[in-house]
Amino acid sequence: MGMAASQARFLNLTARKTNIEYEGQQINQQRTELSNESANLYNQMLGLRVPTPPNTQDYTKVEYTFMMPGGNDEAHIAQISPEYKNGAKTGKYVVVFSYTSVEFGVPPCSDNEKSKATKDTEGNYLVTSRSGKTYKPTKYDSTDTEMVKIHGDAVAKLNEDTSFGDVYFINVGTEEKPIYHYYSGTELATATADDAKTNAVTWYQAADVDVYHEDKYSGCSISRDTQNRVQSFTVTPVTEVDDGAGGTTEVAGTPTTFAVTTKTITDEAAYNDAMNEYTYQSYLYEQEMNNINARTSIVHAQDRDLELRLKQLDTEHNAVQTEIETVKSVCKKNVEDSFKTFA
């Protein structure tokens, strides 16, 4: 090989080696970026909140109940606290409770159930029900024995409202099965002051209604079981009587003991809502994990391809380096043969 050819070959191999090294650097840079992306995906996975299923204990509470005197209404104990007098504990307790009783009442209709009221040409009240049927109300007469027998209790309830005024009623049922609707004379008079005007008026119907009560017993003694749960409490009424010396004295009455029932109540609706939320969050968690795993698999596949390419470049680099060493030897020999005059 001549000197010029050797030099040209040497320059070509050097350029090729440089290109291989540059491509290797680019691959290393790409693998570094993939490594950073993989680390970010891992940190993202660590940042995910793993859903926790709801515990029924979190939606369960212990409730104390007892039967009110008469045994018809169940009372729920809201609080048991020490009793104080003159800033000091008396050794007794105050039991705060609530209960719902079913009582006779005359509740009003809803706003969208109201009747339409007007007057006829003779000035009599007329009411039209939602079904479109028109009735002429009858005024309640407290001197009518039969009317008092049928409507007396309902009218007495309605008259607890001082603004109710005279009571008028209609029968929207049948003669065999009457259904009475009651109207306020005050409202009828106001609503039908103009004969040409039709107004919505409220009607009332006798029914059993639930009445909520809150009350408390003071001066109670508490009995508990081995688990410190309330078993019963005893109420002793105290009456202040004149002591004959210008003062009063307390006289204890007959004590009453109430047996307390312990109930464990689970809020099923709240628990089911929490379980539905857990199911939804689990779905989101699994979906996000699948997305991260899929993206991680792509990153790893890309890194394996780059690693394989880097090994190919390394093999090619070694081959070029070996050939460069050979060409350098040839160039050295050509220089010696061409310019060395004496051996």
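Are Y125 and Y168 buried or exposed? The points below take up that question along with the cores, the aromatic pairs and the main pocket.

1. This is a predicted model, and in it both Y125 and Y168 are buried. Their rings have centres 5.4 Å apart and planes at 85 degrees, and because planes over 60 degrees apart count as edge-to-face, the pair is edge-to-face. Y125 belongs to strand β5 (residues 125-128) and Y168 to strand β8 (residues 167-171), so the pair ties together parts that are 43 residues apart in sequence.

2. The count of aromatic pairs comes to 13. One of them is formed by Y59 and Y271, whose ring centres lie 6.0 Å apart with the planes at 75 degrees, so that this pair is edge-to-face. The pair links distant parts of the chain, 212 residues apart, with Y59 in the loop between α1 (3-46) and β1 and Y271 in helix α4 (residues 268-339). Y59 counts as partly exposed because its relative accessibility is 26%, whereas Y271, with a relative accessible area of 17%, is buried.

3. The largest nonpolar core has 15 residues, and those with the most contacts inside it are F66, M68, I77, F97, Y217 and F233. At least two residues of this core come from each of β1 (60-67), β2, β3 (88-105), β12 and β13 (230-235). A second, separate core of 13 residues includes L13, L41, L306 and C331. As a general background to such cores, nonpolar side chains in soluble globular proteins tend to be buried together.

4. F66 deserves a separate look. Leaving aside residues up to four places away in sequence, F66 touches D73, E74, A75, I77, F97, Y217, F233, F258 and A259. F66 is also part of one aromatic cluster, which it forms with F97, Y99, Y217, F233 and F258.

5. The largest pocket has a volume of about 180 Å³, and its lining is made up of E83, K85, K92, S218, G219, V235, T236, P237, V238 and E250. By residue type, this lining divides into 3 nonpolar, 3 polar and 4 charged residues. Strands β2 (74-85) and β12 (207-224) each supply at least two residues of the lining, and β2 and β12 likewise each supply at least two residues of the largest nonpolar core.

Key: Residues numbered from 1 in each chain as written. Predicted model: local features only at pLDDT ≥ 70, side-chain atom pairs only at ≥ 80, totals over all residues. Heavy atoms only, no water. 1 Å grid on protein atoms, 1.4 Å probe; cavity = no way out; pocket = protein on both sides within 12 Å on 5 of 7 lines; lining within 4 Å. Points joined across faces, edges and corners; volume = space filled by probe spheres on them. Helix = DSSP H or I, 4+ residues; strand = E, 2+ residues; numbered from the N terminus. Nonpolar A, V, L, I, M, F, W, Y, C, P; charged D, E, K, R; others polar. Core = buried A, V, L, I, M, F, W, Y, C linked by side-chain atoms within 4.5 Å. Buried < 20%, exposed > 50% of the residue type's maximum accessible area, 1.4 Å probe, protein only. Contact = heavy atoms within 4.5 Å. Phe/Tyr/Trp six-rings, centres within 6.5 Å; stacked < 30°, edge-to-face > 60°.
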